[in-house]
Amino acid sequence: MSKIIGLIACSSTKLGKDSHGKKYLAKDIYKGHTFILSKEEGLKKYKCEEWYILSGKYGLLDKDECISYYNFYLGKQSAEYKKKWAENVLNKLKSKYDLKNDIFYIFGGKSYYKYLMPHLNCIVFSYKNSNCIDLNKTTEYRNGVPHDSKSDRIKK
């Protein structure tokens, strides 16, 4: 039976901006609207059994890892950096999950899923506007190709 894993993109709004040395649990440091919405509503709505944070600086973060404030946005990095970043994230995921059969819900913008999606059975979300995810508008991908799982159920 496949697992359902949530991957939430970090946010630019974080705790610790004025106290750079102080450490926080990764699940608590991010305070952006989409991060909080994804964590508090998205993970429950889609019944994610486990979840991680996609950080532009750290890659795949366990929610209970301790980190300090940082200012780094994946979207402003080169394509080469993003490809290497995605490769590192995929390697960590590969050590724990079946990338083709487990289902990954990616709560985050295109910079965070573009290079992951070709390698995952995943579902990504549209945005209502530049900083608000729409938890009701999803697109499912299998190996980077849009997929309609409803049509699979109809054929069975």
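**Exercise 1.** Find the rings that Lys14 lies over, and give the distance to each ring centre.

*Solution.* Step 1: Lys14 lies over the face of Tyr69, 5.7 Å from the ring centre. Step 2: Lys14 also lies over the face of Tyr70, here at 4.5 Å from the ring centre. These values, like those below, come from a predicted model.

**Exercise 2.** Describe the aromatic pair formed by Tyr30 and Tyr70, and say which parts of the chain the pair ties together.

*Solution.* Step 1: Aromatic pairs number 12 in the structure. Step 2: Tyr30 and Tyr70 make an edge-to-face pair, with 6.4 Å centre to centre and 80° between the planes. The edge-to-face label applies because planes over 60 degrees apart count as such. Step 3: Tyr30 sits in the loop between helix H1 (26–29) and helix H2 (33–45), and Tyr70 in the loop between S5 and helix H3 (79–94), so the pair joins parts that are 40 residues apart in sequence. Step 4: Both Tyr30 and Tyr70 are buried. Step 5: Ring pairs also link Tyr30 and Tyr70 with Phe35 and Tyr58 in a cluster.

**Exercise 3.** Locate Ser11, decide whether Ser11 is buried or exposed, and list what it touches.

*Solution.* Step 1: The loop between strand S1 (4–9) and strand S2 (23–25) holds Ser11. Step 2: Ser11 has a relative accessible area of 11% and is therefore buried, since the cut-off is under 20%. Step 3: A polar atom of the Ser11 side chain lies 2.8 Å from the backbone oxygen of Thr13. Step 4: Leaving out residues up to four places away in sequence, Ser11 touches Tyr30, Lys31, Gly32 and Phe35.

**Exercise 4.** Carry out the same kind of description for Asp64.

*Solution.* Step 1: Asp64 is in the loop between strand S4 (59–62) and strand S5 (66–68). Step 2: Its relative accessibility is 40%, so Asp64 counts as partly exposed. Step 3: Apart from neighbours within four places in sequence, Asp64 is in contact with Leu25 and Lys27. Step 4: The side chains of Asp64 and Lys27 make a polar contact (3.0 Å). Step 5: Asp28 is 36 residues from Asp64 along the chain, and their C-alpha atoms are 8.8 Å apart.

**Exercise 5.** State how many residues the largest nonpolar core has, and follow Leu93 within the structure.

*Solution.* Step 1: The largest nonpolar core has 47 residues. Step 2: Among those with the most contacts inside this core are Tyr30, Leu54, Leu93 and Phe107. Step 3: Helix H3 gives the most to the core, with 5 residues. Step 4: Not counting residues up to four places away in sequence, Leu93 touches Leu7, Leu60, Leu99, Phe104 and Leu120.

How values were computed
Residues are numbered from 1 along each chain as its sequence is written. This is a predicted model: local features need pLDDT of at least 70, side-chain atom pairs count only at pLDDT 80 or more; totals for chains, interfaces and linings use all residues. Side-chain values use heavy atoms; hydrogens and water are left out. Helices (H or I, at least four residues) and strands (E, at least two) are DSSP runs, numbered from the N terminus. Buried means under 20% relative accessible area, exposed over 50%, partly exposed in between (1.4 Å probe, protein chains only). Contact means heavy atoms within 4.5 Å. A polar contact is a pair of N or O atoms within 3.5 Å; within protein, one must be able to donate a hydrogen and the other to accept it, and residues adjacent in sequence count only if both atoms are side-chain atoms. Rings of Phe, Tyr and Trp (its six-membered ring) pair if their centres lie within 6.5 Å; planes under 30 degrees apart count as stacked, over 60 as edge-to-face and the rest as tilted. A charge sits over a ring if NZ of Lys or CZ of Arg is within 6 Å of the ring centre and within 35 degrees of the ring normal. A nonpolar core is a set of buried Ala, Val, Leu, Ile, Met, Phe, Trp, Tyr and Cys residues joined through side-chain atoms within 4.5 Å.
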